[in-house]
Number of protein chains: 2
Amino acid sequence: MQLGMIGLGRMGANMTRRLRAGDVGVAGFDRNPAAVQELVAEAGMRAAQSTEALVGQLAPPRVLWLMLPAGDITESAIGDLADLLAPGDIVVDGGNAWYRDSMRRSALLAARDIEFVDAGVSGGIWGLENGYALMVGGSDAAFARVLPLLRILAPAPDRGLVHTGPVGSGHFVKMIHNGIEYGMMQAYAEGLALMQGRDDWTLDLAAITEAWRHGSVVQSWLLDLTAGFLARDQALAGVQPYVQDSGEGRWTAIEAIERGIPAPVISAALMARFASRDSGNYTARLLAMMRQAFGGHATLPAAEE
Amino acid sequence: MQLGMIGLGRMGANMTRRLRAGDVGVAGFDRNPAAVQELVAEAGMRAAQSTEALVGQLAPPRVLWLMLPAGDITESAIGDLADLLAPGDIVVDGGNAWYRDSMRRSALLAARDIEFVDAGVSGGIWGLENGYALMVGGSDAAFARVLPLLRILAPAPDRGLVHTGPVGSGHFVKMIHNGIEYGMMQAYAEGLALMQGRDDWTLDLAAITEAWRHGSVVQSWLLDLTAGFLARDQALAGVQPYVQDSGEGRWTAIEAIERGIPAPVISAALMARFASRDSGNYTARLLAMMRQAFGGHATLPAAEE
């Protein structure tokens, strides 16, 4: 078994390590030469200097696995591969692409008889050790061809791996997975903030979350991680209250809106992330002014910059 | 070690079994004689015919553990115990009481030198086998006295057990725990409903949730249970879309409101439960009429009863 890995960031590098530990031959390319060299030295990956060189190093029928940021970078890489690959080759996108982009890209590749597989990959930095949960869309034939590779990446050959259906469904299911993740994270964070808000008691959030890990209804892997960082520091004074998003929550909310299916919690969790970044808070300024306008309530002066 | 258990429903009965398996002497009372007899026969519990008889069967200083529905039933039982118990005895409320009621009841008992411990208990019907997560409020002295019992109920003597602080804090932490649970449940349910809504694909929710259990960021005990029932039936056609609540989510939302701490996801999850029961949906009727009033949009006739 062998494959070409394009993108050797946090996810791609660890997946390469796990594949190599499973005796898969991996040739890899990344725009950052240091990332390539590290995996050559450490994991016996074969280095490629470009996407074109990578394709040349693999014998057809090839499997090219992309672990790139969603959006233009993935789009451009697939465009390159469309020109470089041969009929019968397979492109697997393991990134967090929007499933509609994946369906479009699959059609582009299919016109050249290149197969496309959209593989939602979950597990973060723990996947190297624990394995990755894999939600995989694609034809039965393409899925069967990449299955031996998927079994090595998964937590076990028969666990954490699902063929979700046709192309697009893998990234769709991963999108929903991440939408759920937003809601879970926000639920935990709200509850912990309510406990932290009790200034009459000194609730030990580290001890409480640690206790919840065992026997409680809210036990989860996210809770394990949360108890872990709270044990080191529960004030979190050094952490800016600013939450990024990578797009999956937005797409989940868009799905809810386009289909008319209510998703109030996932949507509210997404909006809470947006609010965390809105340091100007023009909305709150407007509300303060409206209260002044109809009720004469005083506004507070803005903090000095 | 011994204690008196009042309330032998699903939770109290299984906790009695777990305590008996740990060689704790348990005398028990329930208004339902069959529940008492079952535990006498099966677990070697000593039967009591009344709260008064139960207290008489225990040597002071006593520990009385309540596993009763929150509200009037708990209130009444604690009122009875205030008259029956002696200084130095301890009342443990393991039910889902509002922490402010627990603080008030503690003061009532303290006036008679009876100690009160509020023990939040999580684990549901699985606690018998797995142990219960215990969040326990009360004085250091009272906590120390019940600690040997708590260690038997917990998943392990050193796990799933936390002394949260003074009286009230145990039920407060349990309240927050359940508020978080509402948000998590709603997040999973919304995501799964979005997948079920894809009529162009047939996404196998049982296979997907089973895969998520291994290696994914959303893995949790709730997901384990969800994958379990979806494996048996994922249409859920026989289940009325009606969700009860036991009060903990309401109290969490009230806490957020009274303290001015935002909890949009927990609150939205609570409101979604209310909406599930609102078959009349007067709100939606009003909205339909408002659209008609300003835009001439047709309303649909009500379904026949």
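Visitor: Let's start with Trp251(B): buried or exposed?
Guide: Bear in mind that this is a predicted model. Trp251(B) comes out at 16% relative accessibility. The cut-off is under 20%, so Trp251(B) counts as buried.

Visitor: How many aromatic pairs turn up over all chains, and which residue pairs with Trp98(A) at 6.1 Å?
Guide: Searching the whole structure gives twelve aromatic pairs. One of them has its ring centres 6.1 Å apart and its planes at 20 degrees. Under 30 degrees counts as stacked, so that label fits Trp98(A) and its partner, Trp251(A).

Visitor: How many residues apart in sequence are the parts that this pair ties together?
Guide: Trp98(A) sits in the loop between β5 and α5 of chain A. Trp251(A) belongs to helix α11 of chain A, and it is buried at 17% relative accessible area. The pair therefore ties together parts whose separation in residues is 153.

Visitor: Which residue of chain B joins the ring cluster that holds Trp98(A)?
Guide: Ring pairs link Trp98(A) with Tyr99(A), Phe172(A) and Trp251(A). The cluster also takes in a residue from chain B, namely Trp201(B).

Visitor: On to the open sheet of chain A: which strands stand at its edges?
Guide: The sheet has eight strands, in the order β3-β2-β1-β4-β5-β6-β7-β8, with mixed pairing. An edge strand has a single partner, so one side is left without a neighbour in the sheet. That describes β3 and β8.

Visitor: Which residue in β6(A) stands opposite Val92(A)?
Guide: Strands β5 and β6 of chain A run parallel, joined by four bridges. Opposite Val92(A) you'll find Val117(A).

Methods
Residues are numbered from 1 along each chain as its sequence is written. Chains are lettered from A and ligands numbered from 1 in the order in which they are written. This is a predicted model: local features need pLDDT of at least 70, side-chain atom pairs count only at pLDDT 80 or more; totals for chains, interfaces and linings use all residues. Side-chain values use heavy atoms; hydrogens and water are left out. Two strands pair if DSSP finds at least two bridges between them. Helices (H or I, at least four residues) and strands (E, at least two) are DSSP runs, numbered from the N terminus. Rings of Phe, Tyr and Trp (its six-membered ring) pair if their centres lie within 6.5 Å; planes under 30 degrees apart count as stacked, over 60 as edge-to-face and the rest as tilted. Buried means under 20% relative accessible area, exposed over 50%, partly exposed in between (1.4 Å probe, protein chains only).
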